[in-house]
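Here is a guided walk through one protein chain, written for someone who likes to keep a viewer open while reading. Have the structure at hand and follow along.

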Amino acid sequence: MSTSWHELSADCQGCERCELAATRHNVVVGRGHPQARALLIGEAPGQQEDEQGEPFVGRAGQLLEKLLVEAGLDSRRDLYIANVIKCRPPQNRKPTRTEIERCLPWLHQQLELVDPPLVVLAGATALQAVLGIKGGISKLRGQWIEQQGRAYLPVFHPSYLLRFGSRAPGSPQELTLADMQDVRRRLDRKDWPQ
C-alpha cells in the first residue's frame, strides 16, 4: 500500500493489474489539492486525459471547470479530482467490472491520503464503485449520503452534461451547478470539519 502521493503515483505508473495497461499512454492518477476537503471522483480517463495524464481536461472537463468556477470552487485549491479507474478504456467505453475491481485499491488509497469530509461522485459508475449503489444517477443526484464518516454527493457526470446546452431551470447543467454550489456552502460552514 502506498503511504505517500509520490509512492502512489509511482505504483500506479507501474500497474499492470488489467489489460488497460497495454493500451494506455499515461496513467491518470489525479489533480488538484492533495489535502483538499472535497474529492471529486469521475469514471475513467478519456482520450485527452490519457494523452495529458490528468483527469477532466477534455471537453467534459472544461465544462466541469466552468461550473466549478461559477459555484465559487477552485479545482486547484478546493478539490482533489480523480477517477475510479486510472487508465483509458479503448474508445472511451464504460469500464468493465473487472477493471473497476482491479483499480479500486488505488482509489481507496487516494481517499485515505486526501481524507476529505466531502466526496462528489460524478456519474453512476463512481456512485456504484464507491458506495455500491446501482441504478440511475437521476434519482440520487443532489442528495447527500452520509457514510463512513463522510458526506457523499452524487451528481451528473460532465460528459452527460455535454448533451444539454441549456441552462434552463431544471436542466442537467443548472442542477449540477446547484449541486456544486451546495458543495461550496458545505465547505464554507463553520461547523464542518476543517
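## Ground rules

Two residues are said to be in contact when they have heavy atoms within 4.5 Å of each other. Please keep in mind that this is a predicted model, in which local features need pLDDT of at least 70, side-chain atom pairs count only at pLDDT 80 or more, and totals for chains, interfaces and linings use all residues. Residues are numbered from 1 along each chain as its sequence is written, and side-chain values use heavy atoms, with hydrogens and water left out.

Helices (H or I, at least four residues) and strands (E, at least two) are DSSP runs, numbered from the N terminus. A residue is called buried under 20% relative accessible area, exposed over 50%, and partly exposed in between (1.4 Å probe, protein chains only).

## Along helix α4

Let's begin with L107, which sits in helix α4. Is L107 buried or exposed? Its relative accessibility is 0%, so L107 counts as buried. Setting aside neighbours within four places in sequence, L107 is in contact with I41, N83, V84, K86 and V130. One of these partners, I41, is 66 residues away from L107 in sequence, yet their C-alpha atoms are 8.9 Å apart in space.

H108 also belongs to α4. With a relative accessible area of 41%, H108 is partly exposed. From H108 to K94 the C-alpha distance is 20 Å, with their positions 14 residues apart along the chain.

At the end of the helix, which covers residues 97-114, you will find V114. V114 counts as buried because its relative accessibility is 6%. Beyond its neighbours within four places in sequence, V114 is in contact with W5, P34, A36 and Y80. L177, 63 residues from V114 along the chain, has its C-alpha atom 24 Å from that of V114.

## How α1 lies against α4

Helix α1 (residues 5-13) and α4 have axes that come within 11 Å and cross at roughly 170°. Axes here are lines fitted to C-alpha atoms, for helices over the stretch in contact, and angles run from 0 to 180 degrees between N-to-C directions. Angles under 35 degrees count as roughly parallel, over 145 as roughly antiparallel, 65 to 115 as roughly perpendicular, and the rest as oblique. The two helices α1 and α4 are therefore roughly antiparallel to each other.

Which residues of α1 and α4 meet? On the α1 side they are W5, L8, D11 and C12, and on the α4 side W106, Q109, Q110, L113 and V114. By class, this contact of α1 with α4 divides into 6 nonpolar, 2 polar and 1 charged residues. Ala, Val, Leu, Ile, Met, Phe, Trp, Tyr, Cys and Pro count as nonpolar, Asp, Glu, Lys and Arg as charged, and the others, Gly among them, as polar.

## How α3 meets α7

Helix α3 (residues 59-70) packs with helix α7 (residues 172-188) at an angle of about 50°, their axes being 9 Å apart. That is why α3 and α7 are oblique to each other. L63, L64, L67, L68 and E70 of α3 meet Q173, T176, L177, M180 and Q181 of α7. The α3 and α7 contact has 6 nonpolar, 3 polar and 1 charged residues.

## The nonpolar core

A nonpolar core is a set of buried Ala, Val, Leu, Ile, Met, Phe, Trp, Tyr and Cys residues joined through side-chain atoms within 4.5 Å. The largest one here has 57 residues, and L40, I41, V84, L121, M180 and V183 have the most contacts inside it. Helix α4 gives the most to this core, with 7 residues. In soluble globular proteins, nonpolar side chains tend to be buried together.

M180 is a good one to click on: leaving out neighbours within four places in sequence, M180 is in contact with L40, L64, L68, A71, L73, V120 and V155.

## Two positive phi angles

Most residues other than glycine have a negative phi. F56 is not a glycine, but has a positive phi of about 55°. F56 is placed in the loop between α2 (47-52) and α3, and at a relative accessible area of 6% F56 is buried.

D115, also not a glycine, has a positive phi of about 50°. D115 lies in the loop between α4 and β4 (118-122). With 54% relative accessibility, D115 counts as exposed.
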